[in-house]
Amino acid sequence: MRTNTYNTILFLVATLFLSVSTLHAAVLSFESTVPSGWTTTNGGNLTISQDKAKLGSSSLCWQWSAGSVLTAPESTIQSTSSDNNGGITVWIYNTIASDASITISFHTASGESKCSMPFKLNYQGWRCLWARYREDMGLANAAKGTITTMKITAPSSGSGRSILITSNL
């Protein structure tokens, strides 16, 4: 098993749902363009790719470097965080197993982090992250309905190519 984070790691995030509640579920589509407002900081690049896809024919490709942050302001996050069962479902494909982790976190409009969780990259192939804001990521009841932005932080060392994919908005 290779654990060197300097190797290229390929994530495929298929069917990124911003809620586990069927009342607020929203599937993000990366079929044509990078969603408005989605950015990277501390290095990194976002593009649309047809290399891999789980649903549809395109994906969002995140070329990251150590400490890069992908920021995704999404209007559906605020309503799903109001729901007691709100959360995310993310399929991630990893080509090379590593001891590193990405961190998925949720923030208020002012940038204050309200909940987060690490996601280990110690596998090869597909893995699903299905997490509720409250039970799995520690969102306090008082913070329900206040989060507006998702951030995915790359491992603190290495670099890689990540592809987040979905379709059928």
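Reader: Which elements give two or more residues to the largest nonpolar core, and how many residues does that core have?

Author: In this predicted model, the residues with the most contacts inside the core are Trp 38, Ile 88, Phe 106, Leu 129, Tyr 133, Met 137 and Met 150. Strands E4 (59-65), E5 (69-73), E6 (87-94), E7 (101-108), E8 (113-120), E9 (125-132) and E10 (147-153) each give two or more residues. The core has 32 residues.

Reader: What does Phe 106 touch beyond four places in sequence?

Author: Phe 106 is among the core residues with the most contacts. Its partners include Ile 88, Tyr 133, Met 137 and Met 150. Others are Glu 112, Ser 113, Lys 114 and Cys 115. The list also holds Ile 77, Ile 147 and Thr 149.

Reader: Which strands stand at the edges of the five-strand sheet, and why is one side of each left without a neighbour?

Author: The open sheet runs in the order E2-E5-E10-E7-E8, with antiparallel pairing. Each edge strand has a single partner strand, so one side has no neighbour in the sheet. The edge strands are E2 (39-41) and E8.

Reader: How many bridges pair E7 with E10, and which residue stands opposite Ser 105?

Author: E7 and E10 pair in the antiparallel sense. The pairing spans six bridges. Opposite Ser 105, in E10, stands Lys 151.

Reader: Is Gly 37 buried, exposed or partly exposed?

Author: Gly 37 sits in the loop between strand E1 (12-17) and E2. Its relative accessible area is 42%. Buried needs under 20% and exposed needs over 50%. Because 42% falls in between, Gly 37 is partly exposed.

Reader: What separates the C-alpha atoms of Gly 37 and Pro 73?

Author: Beyond four places in sequence, Gly 37 is in contact with Thr 71 and Pro 73. Gly 37 and Pro 73 are 36 residues apart along the chain. Their C-alpha atoms are separated by 6.3 Å.

Reader: What pattern does the protein follow along the sequence?

Author: The secondary structure comes to one helix and eleven strands. Read along the sequence, the pattern is β-β-β-β-β-α-β-β-β-β-β-β.

Reader: Over which residues does pLDDT stay under 50?

Author: The protein averages a pLDDT of 75. A score of at least 70 is reached by 78% of the residues. The stretch under 50 has 110 contacts beyond four places in sequence in the model. That stretch is residues 1-23.

Reader: What percentage of the residues count as buried?

Author: The accessible surface comes to about 7,400 Å², with 48% belonging to carbon and sulfur atoms. The protein has 169 residues. Those that count as buried come to 49%.

Note on methods. Residues numbered from 1 in each chain as written. Predicted model: local features only at pLDDT ≥ 70, side-chain atom pairs only at ≥ 80, totals over all residues. Heavy atoms only, no water. Core = buried A, V, L, I, M, F, W, Y, C linked by side-chain atoms within 4.5 Å. Buried < 20%, exposed > 50% of the residue type's maximum accessible area, 1.4 Å probe, protein only. Helix = DSSP H or I, 4+ residues; strand = E, 2+ residues; numbered from the N terminus. Contact = heavy atoms within 4.5 Å. pLDDT = per-residue confidence, 0-100. Pairing = 2+ DSSP bridges. Areas by Shrake-Rupley, 256 points an atom, 1.4 Å probe, with all protein chains shown as cover.
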